[in-house]
Amino acid sequence: MSFTPPTPSVPRSPVRRVVIAGGGTAGWMMAACIAKHLGKQLDIRLVESDEIGTVGVGEATIPTMLTFHQLLGLDEREFMAATQATIKLGIQFEGWRDPDTRYIHAFGSTGIDHWTAGFQHFWMKGRERGMASDYGDYCLELRAAQQHRFAHLPGDGINYAFHLDASLYGAFLRRFSEGFGVRRIEGRIAEVLLRPDGDLRALKLQDGSEVEGDLFIDCTGMRSVLLGQTLGVGYQDWSHWLPCDSAIALQTASVRDAVPYTRAIAHPWGWQWQIPLQHRVGNGVVFSSRYTDDETARAALLGNIEGEVLTPHRVIRFKPGQRDVVWQRNCVAVGLASGFLEPLESTSIHLIQRSAIRLLQMFPKDGIRQSDVDEYNAQMRHELQHIRDFIVLHYHLQQRTDSPMWRDLREMSVPASLQHRLDLFRESGRVCRGPNELFTENSWIQVMLGQGLMPEQHHPTADLMSDRELAGFLGGIKARIDQTVQQMPGHQQYIARYAPGTQWQMPQVPQAPVTA
């Protein structure tokens with residue numbers, strides 16, 4: 001038996017210097033996470049320029065942010081006060097099924113499942129027997145959102161997220177990161193320098209200085225200066241499923257109490273968001289330039305807001321899709337540099353968070369290995385495609401006939417992965433969730449029901465309950481939720497007592513000198 005010696009491995013350079021290109025939410029989230037957990041072993045530098053603005057409209061989040069903050073050890077009250085945050089229990093979709101309907105996609109669960117079948121099957125049987133109310137009546141978070149109430153409940157009894165000021169959040173995380181040794185370098189990137197083998201070597205700034213690194217994180221937004229422009233990684237365009245390619249954002253003064261949910265208001269050519277913070281309201285429209293123009297969208301936005309306009313409006317152009325890969329050689333793209341999905345389900349910050357956590361889990365301490373790169377890319381690709389399908393669901397599954405955009409979207413072909421979920425729910429009332437997918441079965445159910453898709457049948461387990469048993473089961477769930485919600489204070493009242501932004505000031509952070 002002959003022996004074949006192993007193929008010598010290519011020498012790998014250990015990763016000791018991490019360079020983050022770009023600040024904003026993406027850059028400072030990455031800096032905070034890496035510095036908190038690996039800062040003692042790494043030299044971490046973040047390059048950003050005060051001359052370059054950030055998109056800064058990702059101001060609504062989802063409950064996974066609580067996990068991220070727990071990993072960082074952040075104090076929730078301090079975070080909320082520093083970012084003028086309010087509570088978010090879900091998203092209210094107005095006019096998405098048809099112009100006259102609305103529903104809430106709430107966090108948390110609805111009802112109580114049986115091991116053979118989800119709660120929706122018992123709810124459908126209750127509707128058939130005339131003893132079930134709206135599906136949302138059996139969800140604590142949804143009922144609290146409707147009544148504008150909130151309280152922290154014992155034992156993680158309520159699922160929630162935040163509305164926050166993205167600019168203040170970046171500043172808050174900058175202070176946190178610099179406390180763990182991250183060095184901020186002020187300057188604009190003039191050139192990205194390569195090694196002879198094709199890896200990135202350094203960022204050359206306009207003043208001529210160079211910032212060298214072993215691992216580079218591209219947080220340069222939609223320009224994707226490192227991954228897209230320098231390494232030439234291609235982009236997959238999803239605009240045939242998601243036609244919106246423009247947004248207009250502005251801020252207004254608050255004129256009423258903040259509600260604990262985001263509003264997503266459908267228009268004939270796109271949709272409008274309203275995100276209430278403690279000190280102001282974030283507003284904007286997302287629209288398709290194929291179906292309207294900037295001026296029409298701007299006029300519709302200005303005609304559907306309240307309060308004094310605090311900022312000039314700005315138009316943002318984007319292309320929905322993702323990079324072919326988000327990790328290439330020694331460069332990882334994060335946030336808008338890796339792809340873009342419109343903020344319909346508030347997933348932008350979540351994807352940054354997942355990028356940070358995955359990079360930590362696969363951190364190339366002794367050098368970058370292609371197997372890690374491939375696995376990272378596969379996981380990020382799967383997650384983004386799952387979110388893409390969930391957003392396409394809102395556009396495709398509807399009954400609007402009032403405008404060309406909605407008629408076209410209703411008739412379009414959707415990704416096969418989404419079509420399978422629609423067919424499965426329509427025919428059997430079931431939702432099958434894959435591993436590591438963001439949106440729960442309850443999220444899919446709430447949106448599919450809200451968009452008008454009712455299953456053709458329920459599971460036979462629900463038939464085994466007598467009228468008395470089913471009425472007691474459904475009524476007991478609803479009664480417990482109603483009792484809990486009635487004991488909660490108003491959302492505005494709770495925030496004013498728990499974490500008012502007016503009582504916390506961001507400490508001044510000395511700016512690090514420009515050094516290489």
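How many cavities of 30 Å³ or more does the structure hold? There are 2, and the second largest gets a close-up below. This is a predicted model, where local features need pLDDT of at least 70, side-chain atom pairs count only at pLDDT 80 or more, and totals for chains, interfaces and linings use all residues. Residues are numbered from 1 along each chain as its sequence is written, and side-chain values use heavy atoms, with hydrogens and water left out.

**View 1. Helix α1 packs with helix α9.** Here residues 24-38 (α1) and 348-361 (α9) pack at about 30 degrees, with axes 10 Å apart. That makes the pair roughly parallel (angles under 35 degrees). Helices are DSSP runs of H or I, at least four residues; axes are lines fitted to C-alpha atoms over the stretch in contact, and angles run from 0 to 180 degrees between N-to-C directions.

**View 2. Side by side, α1 meets α9.** From α1 come T25, A26, M29, M30, C33, I34, H37 and L38, and they meet I349, I352, Q353, S355, A356, L359 and L360 of α9. Contact means heavy atoms within 4.5 Å.

**View 3. The second largest cavity has a volume of about 40 Å³.** A cavity is a set of points on a 1 Å grid where a 1.4 Å probe fits but cannot get out, and lining residues have an atom within 4 Å of a point; volume is the space filled by probe spheres set on the points. T61, I62, T64, M65, S346, I349, H350 and Q353 line this one. Helix α9 gives the most, with 3 residues, while α2 (64-72) also supplies at least two.

Technical notes. Parallel < 35°, antiparallel > 145°, perpendicular 65-115°, else oblique. 1 Å grid on protein atoms, 1.4 Å probe; cavity = no way out; pocket = protein on both sides within 12 Å on 5 of 7 lines; lining within 4 Å.
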